Each structure stands twice: as structure tokens, then as C-alpha cells.
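Have your viewer ready, with side chains shown as sticks. This tour goes from one charged pair to the next.

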Amino acid sequence: MMKLKVGVIGCGSIAQHRHLPEYAANEQVELVAVCDIVSERAEEIAAKYGAQAYTNYEDLFVHVDAVSVCTPNYLHAPITIAALRAGIHVLCEKPMATSKEEAQAMIAAAKESGKKLMIAHNQRFVASHEKARQLIQNGEVGKIYSFRTAFGHPGPEGWSVDGKESWFFQKEKAFIGAMGDLGVHKTDLLRYVIGEEFTEVGAFVETTAKEFADVDDTAVCVLKTESGIIGTLAASWSYRREDNSTIIYGEKALLRIEDDSTYGLIVQYATGETVKYELGKIQTNESGGQRNSLVIEKFVGAILNDEEPAISGEEGMKSLAVILAALESNETKQIVKVTV
């Protein structure tokens, strides 16, 4: 069987915890190249996985069929576009870009090259999230009235390879803080699970917990969908313990998703019946979580089977647009319409 030759650009925490081990475990992949501007880090990772180390991402293009872009946010668009134009498939970490213009340019580059562009929104592939989506689609929840969702933890300094010196806290490299790191996960998840687009956003975005950061560390948004479903989203690096929960309030049932340490999904029906689903632990940086995010598996499958990626550039841009509208709302102190 011919294997897909893959490279990973950026060898920080997300590459080390997700992309690299999942590529290495995939029998359809040969991990041939890694790249990082810190040469010692690139060499160390290359030795671990039997790959070639690079410090200039363009140098590895001739050796690979596909790459993961795991760099600071401000480099997502330029590296992705360069790779696509070089005829290489791209899996890009989230948020896919720092502006709609960048996102549109990435999508255009994919179309022009005929190569795959997938955005690594792994929350869609959590078993409890997929089950909740199924129940909503099947009509078991009835009309959705409201939701509340949160994604928070103590912050990237606890797991980033650079600690408090990480690019996550530097606006010129990250562009956005907790809202881009965690909030965009939840905008994408809610769009997927509920099955509707968001049309309006009101947000408060603050830096209150990380005195060494010049990006947001705590944000709360009110979101409205096209049919009038309203709810709240909180994203924060100030939570002492990780919270990745979502509650959806429906006509026939209430869904508690990742709100219980044992049961990934608890369905409380209006009839009084409660059904609990034990679906395994959610993906987390803490021990005991889901080890295979399925992102690499889906990306590789899309390439080898010539299928549309599970999360296309267009999908990534729609989730990014909600975050951009939240930033605008915080700055203008107005409700902002989501535009793509």
C-alpha cells in the first residue's frame, strides 16, 4: 500500500500531543518531515519519529504530500496558502486565520490547487457531541429554545512548550486569546450540533487573570441563531479546573453534554425520564481523556478517498466569523451581525 508522506510544521504542544502521535499511529501515513523555528526542538522531534528536521517550512514541501500547520495563529494563512500553491494538502489548526480576508484567501488557494484544506476542529468528533447532534436531528429534543456552553481551563502556560513566554499570550502572534483558543471550538461545535448558523453576537471580552498577556483571557458572549435560538458561550483561561460542558434546552428534552464526570451525555426528557450515556472521556490535556481526536484519521481519509474534508475551509470560516463578530461587539459595545 502506498503511504501518504506527511510533514508537521510547528512542533509545539498541539503537534506533540495530537498531530505527531496520531500520524505515527496511522498505518496509511509515513511521517517524513517536521519543522520548527527552534532547531533543537525540530531535531529532537525528528529523532523521536524518524523524520527529517527543517527550520524553513518551504524546504520540506518537495518531500511531502500533506502537512499539518501547527504554528502560531498569525502564520496559519501564509503557510497554508504557500503549501496549497505548492500542491500539498493542508490540515490547519484553529482558528484557521486572523481575518475573513485571510480565510477567504486560504479557501481560494485550495480551490485553485485542487488540494484538500481541513480545519482541525476536533470537538465535532467527541462521541457525546455526535450523539447529541443525532438526537436533535432525529427530533427527540424537539424545538431548541436555548443553550449555554463553556470551555475553560487554567491557561496555556500549564501545557505550552514555552510556558508564560508562549505565543498564545502575545497579540502580534496569537491575534486573539481564549476566544480564539477555546471559544472558536464552541462556536464550531454549536453550529454542528444544533445545525444552524449564528446571525448575531453580543460579547464582553476581558484580560483579567493573566497579567503577562496582552490578549483576552475571559470572554462571555450571547449568541442568536437564524431561527431565533439564543444562548451563552463562555471561553476562559481563568478556570481552575477544565470545563468543556454544553447544555441544550429543548421542547421535549434537556441535553447535558460533558456536564458529568461519568456520563458524557445525560438526556432529561419532559416526561420525567432520564437517559444516561457513558461514552468515554472527552479530549483533554489532562490524563484519561480521549487519545485519538480522529482529526488525523478524517484528514488522511479525505485525501486517500478523494472526499470533501470533514471540516472544510468554508466551515472553518463560518466558525471564525462568529469570533470576529464577538471581538467587534466588545469593541463597539453593540450587537453585531455575523457576516461571512
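Select K318 to begin: its relative accessibility is 28%, so this lysine counts as partly exposed (buried means under 20% relative accessible area, exposed over 50%, partly exposed in between, with a 1.4 Å probe and protein chains only). Now add E315, whose side chain meets that of K318 in a salt bridge at 3.9 Å, N to O (a side-chain nitrogen of Lys or Arg within 4 Å of a carboxyl oxygen of Asp or Glu). Both residues sit in helix α9 (residues 313–332), three residues apart, so about one helical turn separates them. Helices (H or I, at least four residues) and strands (E, at least two) are DSSP runs, numbered from the N terminus.

Next, widen the selection to R124, D188, R191, E197, E315 and K318: salt bridges that share partners join these residues into one network.

Zoom in on D188 and R124 there; their closest N and O atoms are 2.7 Å apart in a salt bridge. D188 belongs to helix α7 (residues 178–194) and R124 to the loop between β6 (117–119) and α5 (127–137), so this pair ties together parts 64 residues apart in sequence. D188 is buried at 0% relative accessibility, and R124 is buried too, at 5%.

For the last stop, select R41 and D36, which form a salt bridge at 3.6 Å, N to O. Are they buried or exposed? R41 is buried at 18% relative accessible area, and D36 is buried at 7%.

Over the whole structure, a search finds 15 salt bridges.

A note on the model: it is predicted, with local features needing pLDDT of at least 70 and side-chain atom pairs counting only at pLDDT 80 or more, while totals for chains, interfaces and linings use all residues. Residues are numbered from 1 along each chain as its sequence is written, and side-chain values use heavy atoms, leaving out hydrogens and water.
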